[in-house]
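User: Could you take a close look at the cysteines in this protein for me? I'd like to know how they sit relative to one another and what sort of fold surrounds them.

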Amino acid sequence: MNKHDVVVIGAGNGGLTAAAKLAQEGLNVLLLERHNIPGGAATSFCRGRFEFEVALHQLSGLGTPEKPGLLRLQLDKLGVMEDLEFVEISDLYHVATSDGFRITLKTDRDETIAVLKDQFSHEKDAIQRYFDLMASFANDMIGAFIFRDSEPSRDKYPNLYQYALRNSNEILDEYFFDPLLKAVLAAYWGYIGVPPTRLAFAYLAMIFFQYMEFKPYHVKGGSQAISNAILNKFFDHGGTARFNCGAKKILTGAGQIKGVITDDDNEIATEYIVSNISPIATYSHLMDPGQIPIDVSTEMKSRNLSTSAFTMFIGFDCEPHQLGITESTNFLIQSTDISNGILDRMNRLDIKDEPMVLSCYDVSDPGFSPAGTCQANVVTLKYGEPWLRIPPRQYHDVKFRCADAMLKRVYEIYPEAKNHVEEVEVGTPLTHMRYLGHPLGAIYGYEMLTKDALFFQPGRQSPIHGLSFAGGWAGDNGFEPTLRSGISAAKSIIRRLKS
């Protein structure tokens, strides 16, 4: 029987950073991945002459060498930064509606406030007060959580205590009257996957703070380059990875991890496992029912699965400016409704007035696609359950009807695009379910409702001694949180081993 200090199940963001950190500390680590390449959602695929980015829109938490964010500091400690080249994105995002409205928010706070005041002069005082609130709230969050104040209080952090658990829609309604302005300021809700009526204001405020303070970035080579770089560091430190081979069973005894049986029936002895797959799959598929603690079952039943997505990957035979695309991140809005009507649209098997995000990496990185071409990743959020109910014979009809509707929406904003489409690939919630292995294709893990927000997350440790979780299912989702989560899981194991 082979023995490893730690077995990491899944080579997504969290699994890769956990494995690399553990191997860097001199531990004997085995990484199991059912797919044939690393990355999970942080990957790419090829169609024709295009290599399409799957999931990364704007990387947060990086900052500059002179003003580093937390992610840069941690990737640098792993030795990964030297192998990657990042491109700063100058805009937060562009918002476009089918009736001709256009606005671009910059990463510079004062510039964005000025642009918003110019477009919405009737709300200029409220705009200033709202951005002041976000700044002061972010400072409270940093003081209480980043610096881990052992004695936080309402007097020290008044905005944190007043606004943290209120939903974003309430705050926007409190400050503004114009529904279009509220829709523009709420656009980032799609990065969390929870509509503003259910999204804690803490998330919306901190997203703006992160991108304005540390700027959004693109990485040359796409997210697959990040995955490859981390995997290579893992190998440099003596780690072992097995691709096309996942875990079939987790072995336990007396509430303690004992080992893993792989897909090809190899038994691996270990006392520590980092699971980068969902807790649902970890407990329900890899463990016997009698091994699952009651409080774990209760916790899983209390959580909602996040939304999935309907995604189009489009390759164009021209450069972005020829299509009228001048920003990397573009939110296409047909309806200014940011209330519960969004949930209805996310559960429909069609595409009409759903908000969409179109990312064109070639704007910031002209060499991302072959010379004289560009690509776009177009996403709208859809829950997976309605797609599971489609009869198999009707699936492709529904899929391509939605794809046609999405293309028409893109053409409304960028009319020239219809004359330059070279390649198209479509992913539905069932596609995400198949490739990610997530139940219902949930791209963000559990839904981050206010009751499950960062203040109330159960943590990465399992009641089963030696079992830890990393990735979007173990806390916040997105590239920065999941990459950092693996390092946190690894440090926890290292502390246990040392003690």
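Analyst: Here's a walk through the cysteines, followed by the protein around them. Keep in mind that this is a predicted model.

Let's start with the disulfides: searching the whole structure turns up 0 of them. Take cysteine 318, which is in no disulfide. The nearest cysteine sulfur to cysteine 318 belongs to cysteine 374, and it is 5.2 Å away. To count as a disulfide, a pair of cysteine sulfur atoms has to be within 2.5 Å. Cysteine 360 is in no disulfide either. For cysteine 360, the nearest cysteine sulfur is again that of cysteine 374, this time 4.5 Å away.

Are these residues buried or exposed? Cysteine 318 has a relative accessible area of 2%, so it is buried, given that buried means under 20%. Cysteine 360 is buried as well, with a relative accessible area of 0%.

Now zoom out. Buried residues make up 59% of the 499 residues in the protein. The chain folds into 17 helices and 20 strands. Its radius of gyration is 22 Å, close to the 23 Å that the globule rule gives for 499 residues, so the protein is as compact as a globular protein of that length. The C-alpha trace spans about 70 × 60 × 45 Å along its principal axes.

How do parts that are apart in sequence come together? Among contacts between residues at least 6 apart in sequence, 73% join residues at least 24 apart. As for the outside, the accessible surface comes to about 20200 Å², and 50% of that belongs to carbon and sulfur atoms.

Key: Residues are numbered from 1 along each chain as its sequence is written. This is a predicted model: local features need pLDDT of at least 70, side-chain atom pairs count only at pLDDT 80 or more; totals for chains, interfaces and linings use all residues. Side-chain values use heavy atoms; hydrogens and water are left out. Helices (H or I, at least four residues) and strands (E, at least two) are DSSP runs, numbered from the N terminus. The radius of gyration is taken over C-alpha atoms; the globule rule is 2.2 Å times the number of residues to the power 0.38. Buried means under 20% relative accessible area, exposed over 50%, partly exposed in between (1.4 Å probe, protein chains only). Contact means heavy atoms within 4.5 Å. Accessible areas come from the Shrake-Rupley method with a 1.4 Å probe; for residues, only the protein chains shown count as cover.
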